[in-house]
Amino acid sequence: MKFATKAIHAGQEPDPATGAIMTPVFQTSTYVQESPGKHKGYAYARGKNPTRVALEKCIAELENAKYGICFSSGMGAVDAVAKLLKPGDEVITGNDLYGGTYRMFTKVYANFGIKFHFIDLNDLNNIKKYINANTKLLWIETPTNPMMNIIDIQACSKIAKEHKLLLAVDNTFASPYLQTPMNLGADIVMHSATKYLGGHSDVVLGALCVNDEKLNEQLFFILNSCGANPGPMDCFLVLRGIKTLHVRMDRHCFNGKRIAEYLRTHPKVEKVNWPGFTDHPGHAIAKKQMRDFGGMISFSLKGNKIDEAFKIASGMKVFSLAESLGGVESLISHPATMTHASIPKPEREKVGVVDSLLRLSVGIEDVDDLLEDLKQGLS
Ligand SMILES: *Cc1c(COP(=O)(O)O)cnc(C)c1O
């Protein structure tokens, strides 16, 4: 089946009891057993819930993976991967990670004796310099947040395989519609379904996809043992959101392109970061591994004044000033004081998160209204 059909039908069938076309919200904590241990595959809802199972199958099919496991949040999914590690293990990851992942790695798991290397993944030769016998995991995000750098997934997978590392790809920014890391050799694909998969800014949920049966069992064991399971209503909301993922993504990409091109010609704008530009350093790889370039854009201002960035961020009328991304509504944020505030100034500036940087999550409103709003906001 093709993507659009899978988005609507994968993992779902009319409810056998009633014919309801939508997967019911199985709001239950436990399931009645016929005799001790004899049940229909469901014993207790931390372990398994039918609404969640439908969502897990759906996300797995979209990611071209055998197994999907859903968590109460994207961070819950990252946490489960980190729990595969032991004290002494080492992880190689990028230096412009999602702030929450950076915080978990440095403030939680570093305390458990796991060592993290945050390196520039634009040059993949860097990776090999940090690999040793303790290295277990290569964790990447692409495109990165908020600089929109592109990391070569296939090249990372080659290095990971050579050195027997697990390659995990946070696919939140691209969504499975634009990028399928499993096809490029990833071992684990992670999602904050809070963003594009859910798509309507009304739910927090995370997911992991894997092909390896043993890895699936390990991750499921962690979910069931540690309890970061999502509620059935949240699973329902993401299932419903995914039904329009392909349609929304097409519009996010269309609007994103128009806005990136507009900003680039604006006299107040210093630099626009969007992988669709042919002179973006990652453009060739983006073309190879993505189906389109998405609706995430960041840009800096000439003069790099923080108060000017604040004025723009607070003066928009259609774009809302908020963290998060991937919803139908357009958002603007100021990474240096919002999503990336926990990263020391010299470090964030090194990767390009300067004081005047603004990030847009371009929604699916009429693009003319969005352009008009940027014009007034930047005037
Ligand atoms: C939001 C986000 C996360 C964390 O997901 P939550 O659902 O907020 O816990 C992880 N990675 C990326 C790239 C994100 O944008």
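Start by selecting S361 and showing its surroundings. Setting aside the neighbours within four places in sequence, S361 is in contact with G295, M296, L325, G326, E329, S330 and L331. S361 itself sits in strand β12, which covers residues 358-361. Is S361 buried or exposed? With a relative accessible area of 1%, S361 is buried. Keep in mind as you look around that this is a predicted model.

**Zoom out to the whole chain**

Now show the full chain as a cartoon. You should be able to count 14 helices and 12 strands. The radius of gyration is 21 Å, close to the 21 Å given by the globule rule for 379 residues, so the chain is as compact as a globular protein of that length. Along the principal axes, the C-alpha atoms fill a box of roughly 75 × 50 × 35 Å.

Switch on a surface next. The chain exposes about 16,500 Å², and carbon and sulfur atoms supply 54% of that area. Of the 379 residues, 56% are buried. How many of the contacts with a separation of 6 or more come from residues 24 or more positions apart? The share is 73%.

If you like to colour by charge, try that here. The chain carries 43 positive and 40 negative charges, and the mean positions of the two sets are 3 Å apart.

**Helix α9**

Select residues 232-242, which form helix α9. Eight of its 11 residues are buried, so the helix is largely enclosed by the rest of the structure. Which residues are they? Show side chains for P232, C235, F236, L237, V238, L239, G241 and I242, and you have the buried set of α9.

To see what surrounds them, add three more helices to the selection. The buried residues of α9 pack against α1 (3-9), α2 (50-62) and α10 (245-265).

**A54, on helix α2**

Stay with α2 and pick A54, which is part of this helix. A54 counts as buried, at 5% relative accessibility. Leaving out neighbours within four places in sequence, the contacts of A54 are A10, G11, Q12, T23 and L239. You have already met L239 as one of the buried residues of α9.

For a sense of scale, draw a distance from A54 to G276, C-alpha to C-alpha. The two are 222 residues apart in sequence and 34 Å apart in space.

**The cysteines**

Next, select the cysteines and show their sulfur atoms. How many disulfides are there? The count comes to zero. Take C58 as one example: the nearest cysteine sulfur belongs to C70 and is 9.3 Å away, and C58 is in no disulfide. C58 has 0% relative accessibility and counts as buried.

C156 is another cysteine to click on. C156 is in no disulfide either, and the nearest cysteine sulfur, that of C209, is 19 Å away. C156 also counts as buried, with 0% relative accessibility.

**Two cis peptide bonds in a loop**

Move to the loop between β4 (135-141) and α6 (153-162), where you will find P143. Show the backbone atoms of T142 and P143: the peptide bond from T142 to P143 is cis, with omega near -5°.

Then step along to P146, which is also in the loop between β4 and α6. A cis peptide bond joins N145 and P146, and here omega is about 0°.

**Two positive phi angles**

Finish with a pair of backbone angles. Select N64, in the loop between α2 and β1 (67-71). N64 is not a glycine, yet its phi is positive, at about 55°. N64 is partly exposed, with a relative accessible area of 44%.

The last stop is K164, found in the loop between α6 and β5 (166-170). What is the phi of K164 near? The value is near 55°, which is positive in a residue other than glycine. Is K164 buried or exposed? Turn the surface back on to see that K164 is exposed, with a relative accessible area of 74%.

Note on methods. Residues are numbered from 1 along each chain as its sequence is written. This is a predicted model: local features need pLDDT of at least 70, side-chain atom pairs count only at pLDDT 80 or more; totals for chains, interfaces and linings use all residues. Side-chain values use heavy atoms; hydrogens and water are left out. Helices (H or I, at least four residues) and strands (E, at least two) are DSSP runs, numbered from the N terminus. The radius of gyration is taken over C-alpha atoms; the globule rule is 2.2 Å times the number of residues to the power 0.38. Buried means under 20% relative accessible area, exposed over 50%, partly exposed in between (1.4 Å probe, protein chains only). Contact means heavy atoms within 4.5 Å. Accessible areas come from the Shrake-Rupley method with a 1.4 Å probe; for residues, only the protein chains shown count as cover. Lys and Arg count as positive and Asp and Glu as negative; His and the chain ends are not counted. The place of a charge is taken as NZ of Lys, CZ of Arg, CG of Asp or CD of Glu. A disulfide is a pair of cysteine sulfur atoms within 2.5 Å.
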